[in-house]
Amino acid sequence: MIATFFTLTHGKIPLLAKYARRSVKRFGGVLDFFSVLNIVFSKNRGRIPILKEASPAHPYEKIRSDIKKTAYAGYWTELIAEWTEERHPEPGVYSLFVDMLRELNSAGAPPELLSIAFQMRFACLTGIEPVLKSCVKCESSIETISDNPVAFDMEKGGLICSKCRTGSNKPFLLSRGSVMRLNWIANGDIERIRRIRCSEASLAETDAFAEAFIVYRIGKKLKSLDFLTAIRER
Ligand SMILES: [Zn+2]
């Protein structure tokens with residue numbers, strides 16, 4: 001079996017896990033999705049490296065026993081798998097992923113909120129962050145723009161004030177509350193995120209924007225997002 005691991009030192013890397021399915025002795029059944037592991041692997045003369053040892057550091061089993069949490073973690077995983085290059089370390093994305101999995105595993109902040117945080121920070125770390133503090137064209141700050149809702153131009157990657165809108169492309173409309181929340185989440189730590197209180201509807205609006213933005217930037221449909229949408233609509 002070839003399994004892809006996301007590692008701190010080597011980034012995304014496929015490893016050959018020999019007899020992983022039947023060898024409980026070798027890997028102790030620890031090769032589960034969303035588990036943080038300590039692994040040892042060896043080079044394999046130009047071929048796929050071989051996984052030698054794996055032991056759980058944090059199994060995060062509460063994610064796998066909850067379908068909604070699994071759906072969110074699956075989405076983050078696909079995002080990382082799609083966006084990162086093999087054997088290219090991404091320490092910032094790695095620590096974001098581990099932090100968010102830990103929080104998702106605990107009974108802390110709601111998964112929707114964590115997913116907004118994951119997506120916004122992922123966008124910042126990978127250089128695709130949306131412009132949410134000012135109009136992307138005239139640079140007027142959000143405080144001086146009186147529009148509500150505020151338009152977001154996907155193509156330009158930022159907010160666009162009513163004076164600068166040309167009407168040629170259909171913008172994503174965001175309430176001012178969502179814009180403020182997105183800025184707060186993108187710049188705050190996990191403690192700050194836990195303190196956010198807002199209605200389910202506004203959380204859903206903010207999350208829908210983050211997902212639409214990420215899909216637009218990635219430029220392809222993500223299977224995990226279809227699954228996540230189906231789970232939410234149940
Ligand atoms: Zn403007």
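This is a short tour of a predicted model, with a selection to make at each stop.

**Stop 1: the two domains**

Start by colouring residues 1-59 as domain 1 and residues 61-234 as domain 2, following the domain assignment of the protein chain. If you place a marker at the C-alpha centre of each, the two markers will sit 30 Å apart.

**Stop 2: where the domains meet**

Now zoom in on the boundary. Here 14 residues of domain 1 are in contact with 19 residues of domain 2. Which elements should you select on the domain 1 side? Pick β1 (2-7) and β2 (11-16), the elements that each give two or more residues to the side touching domain 2. Of these, β2 supplies the largest share, three residues. Try colouring this side of domain 1 by class: you will find seven nonpolar, five polar and two charged residues.

**Stop 3: three strands in domain 2**

Next, select β6 (residues 150-153) together with β8 (residues 172-174). These two strands run antiparallel and are joined by three bridges. To see one of the pairings, show F152 and its bridge partner in β8, F172.

Keep β6 on screen and add β7 (residues 158-160). This pair is antiparallel too, again over three bridges. D153 is a good residue to click on here, with G158 as its bridge partner in β7. Then follow the chain from β6 to β7: the two strands form a hairpin with four residues between them. In that turn, stop at G157, where phi is positive, at about 75°.

**Stop 4: the largest nonpolar core**

In soluble globular proteins, nonpolar side chains tend to be buried together. To look at the largest such core in this model, which has 41 residues, begin with W76, M100, L101 and A117, the members that touch the most others. Then widen the selection to the elements that give two or more residues to this core, among them the helices α3 (67-83), α4 (91-105), α6 (176-187) and α8 (200-218). The strands β6 and β7 from the previous stop are on that list as well, along with β5 (131-135). Which element gives the most to this core? Select α5, with eight residues.

For a close-up, centre on M100. Setting aside neighbours within four places in sequence, M100 is in contact with W76, L114, A117 and F118.

**Stop 5: a second core**

Finish by selecting I13, L31, L51 and A54. They are among the six residues of a second, separate core. I13 lies within the 11-16 span of β2, so you have already passed this stretch at stop 2.

Methods
Residues are numbered from 1 along each chain as its sequence is written. This is a predicted model: local features need pLDDT of at least 70, side-chain atom pairs count only at pLDDT 80 or more; totals for chains, interfaces and linings use all residues. Domain bounds come from an automatic or database domain assignment. Two residues are in contact if their C-beta atoms, placed from the backbone, lie within 7 Å. Ala, Val, Leu, Ile, Met, Phe, Trp, Tyr, Cys and Pro count as nonpolar, Asp, Glu, Lys and Arg as charged, and the others, Gly among them, as polar. Two strands pair if DSSP finds at least two bridges between them. A nonpolar core is a set of buried Ala, Val, Leu, Ile, Met, Phe, Trp, Tyr and Cys residues joined through C-beta atoms within 7 Å. A residue is buried if 20 or more other C-beta atoms lie within 10 Å of its own, exposed if 12 or fewer, and partly exposed in between; C-beta atoms are placed from the backbone.
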